[in-house]
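Reader: I should be grateful for a close look at one part of this protein, namely the last of its helices, and for an account of how that part sits within the rest. Please treat burial, packing and the confidence of the model together.

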Amino acid sequence: MKFSTEELIEGIQSGNKRLIGKAITLVESTKPEHRIQAEELLKKILPFTGKSIRIGITGVPGAGKSTFIENFGRLAISKGKKVAVLAIDPSSAINKGSILGDKTRMEELAKEENAFIRPSPSSGFLGGVANTTFETMMICEAAGYDYILIETVGVGQSEVLVSDITDVFLFLKIIGGGDELQGIKRGIMEMVDVIFINKVDENNLQKAKNTKLELKRALDFLPAKEKDWKVPVLLGSALKNEGLTDVYQNIDDFIRLKKKTGRFETVRKHQAEKRFEYWVQEFILASVKNSDSAEESYIQHKKNASMLVSSPSTEAKLFVEKFLNKN
């Protein structure tokens, strides 16, 4: 059944999870008729967005992201908050479908009335997010969710895109063998706002403390992301609900500081500008592919790039100049 924009908006604002899901499916669609309705929907819900706290959560596979999100989400709900989880699954490179199923791994949180979980395939989009994650967040905000938790694909340094759409960037770390700083990208360390060392127990407590010290020393060598904020390195176990209250409090403190200094709104404006730049590129490329004359030129320059007639960047520049002159 096709829903009108008004029906979707009413469903979103009334907290109807089925219609919230339908609205998200609409903005994820690439069909031209769906894109028109999606733009209309996003425009109309805009006044009801922007009031949530957006939290990006990253970590290597096995760091316990799903368990952390489930129990952190339940903690937030116990404090009277509504929580939306956008779990970005890695996608098959062949059919773009999801590989994992995060909703099935957050069974207890999924039962909560004040929780909404939406797995979305990344569909080959880099940066650990899906290409419409920002727009999906807007729908969840319009539905009145206080916390939006984005569980990302653990893909390393390209997590920069997660940082570009969230207010808080949380990095989950686990204790492994050898040098605990080995493999941690400088890019992530420069973006991180809170670090939580997960799966800590009495058997690895001393190792965890040593890792905490190493991480703090490493952070001292990096420029501060936010003035007057020293990135906390916290210990705990998400599975045992240990240390989650500290994470919750530190996130709250961080948001209060950003709002007090005016950085909260400034950063959000910059993020919206980056989304604008992203969609400009998307719409230009779509325009090219929808134009017979431009598409022929596009295919030729693409072929030139693949055959190294000249460098890919040169071919791209030549095509864009030709395309802009024609228009």
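Author: The following account begins with the model as a whole, turns to helix H14, and then sets a second helix and the cores beside it.

The structure is a predicted model. Its mean pLDDT is 86, and 86% of the residues reach 70 or more. Two stretches call for caution. Over residues 91-101 the pLDDT stays under 50, and the model gives this stretch 22 contacts beyond four places in sequence. Residues 122-130 also have a pLDDT below 50, with 32 contacts beyond near neighbours in sequence. The protein has 327 residues, of which 46% are buried, and its secondary structure comes to 14 helices and 7 strands. Among contacts with a separation of 6 or more, 76% join residues 24 or more positions apart.

Helix H14 covers residues 312-326. From the first C-alpha to the last, its 15 residues reach 21 Å, close to the 21 Å expected at 1.5 Å a residue. Three of its residues, Glu315, Phe319 and Phe323, are buried. Seen down the axis of H14, the buried residues fall within an arc of 65°, so they line one face of the helix. The general geometry of a helix is relevant here: with 3.6 residues a turn, residues three or four places apart point the same way. On the other side of H14 are the exposed residues Ser313, Lys317, Leu324 and Asn325.

The cover over the buried residues of H14 includes helix H12 (263-289) and helix H13 (292-306). Tyr298, a residue of helix H13, shows this packing in detail. Leaving aside neighbours within four places in sequence, Tyr298 is in contact with Phe319, and also with Leu285, Val288 and Lys289. The C-alpha atoms of Tyr298 and Glu315 are 9.3 Å apart, although 17 residues separate the two along the chain.

The loop between H13 and H14 contains Leu308. Phi of Leu308 is near 60°, a positive value in a residue other than glycine. Its relative accessible area is 62%, and because the threshold for exposure is over 50%, Leu308 counts as exposed. Another non-glycine residue with a positive phi, of about 60°, is Lys199. Lys199 lies in the loop between strand S6 (194-198) and helix H10 (205-220), and is partly exposed, with a relative accessible area of 44%.

Helix H3 (residues 32-45) may be set beside H14. At 1.5 Å a residue, its 14 residues should span 20 Å, and the end C-alpha atoms are indeed 20 Å apart. The buried residues of H3 are Arg35, Gln37, Ala38, Leu41, Leu42 and Ile45. They cover an arc of only 165° around the axis, which puts them on the same side of H3. Pro32, Ile36 and Lys43 are exposed on the face turned away from that buried side. The partners against which the buried residues of H3 pack are helix H1 (5-13), helix H2 (17-28), helix H7 (133-142) and H12. Helix H12 thus packs against the buried residues of H3 and is also part of the cover over those of H14.

The nonpolar cores complete the picture. In soluble globular proteins, nonpolar side chains tend to be buried together. The largest nonpolar core here has 52 residues, and the members that touch the most others are Ile55, Phe68, Val85, Leu149 and Ile195. Helix H11 (residues 244-261) gives the most to this core, with 7 residues. Apart from it lies another core, of 29 residues, among them Leu19, Leu26, Leu41 and Met137. Leu41 is also one of the buried residues of H3.

Val85 has contacts beyond four places in sequence with Ile69, Met106, Leu109, Phe116, Ile117, Arg118 and Leu149. Of these, Arg118 is in strand S3 (residues 115-121). Its relative accessibility is 15%, and since burial requires a value under 20%, Arg118 counts as buried. The side chains of Arg118 and Thr25 are joined by a polar contact of 3.1 Å. Other residues touched by Arg118, again beyond four places in sequence, include Gly21, Ile24, Glu28, Leu86 and Ala87.

Technical notes
Residues numbered from 1 in each chain as written. Predicted model: local features only at pLDDT ≥ 70, side-chain atom pairs only at ≥ 80, totals over all residues. Heavy atoms only, no water. Helix = DSSP H or I, 4+ residues; strand = E, 2+ residues; numbered from the N terminus. Expected span 1.5 Å × (residues − 1). Buried < 20%, exposed > 50% of the residue type's maximum accessible area, 1.4 Å probe, protein only. Arc of directions from axis to C-beta. Contact = heavy atoms within 4.5 Å. pLDDT = per-residue confidence, 0-100. Polar contact = N/O pair within 3.5 Å; in protein donor to acceptor, adjacent residues only side chain to side chain. Core = buried A, V, L, I, M, F, W, Y, C linked by side-chain atoms within 4.5 Å.
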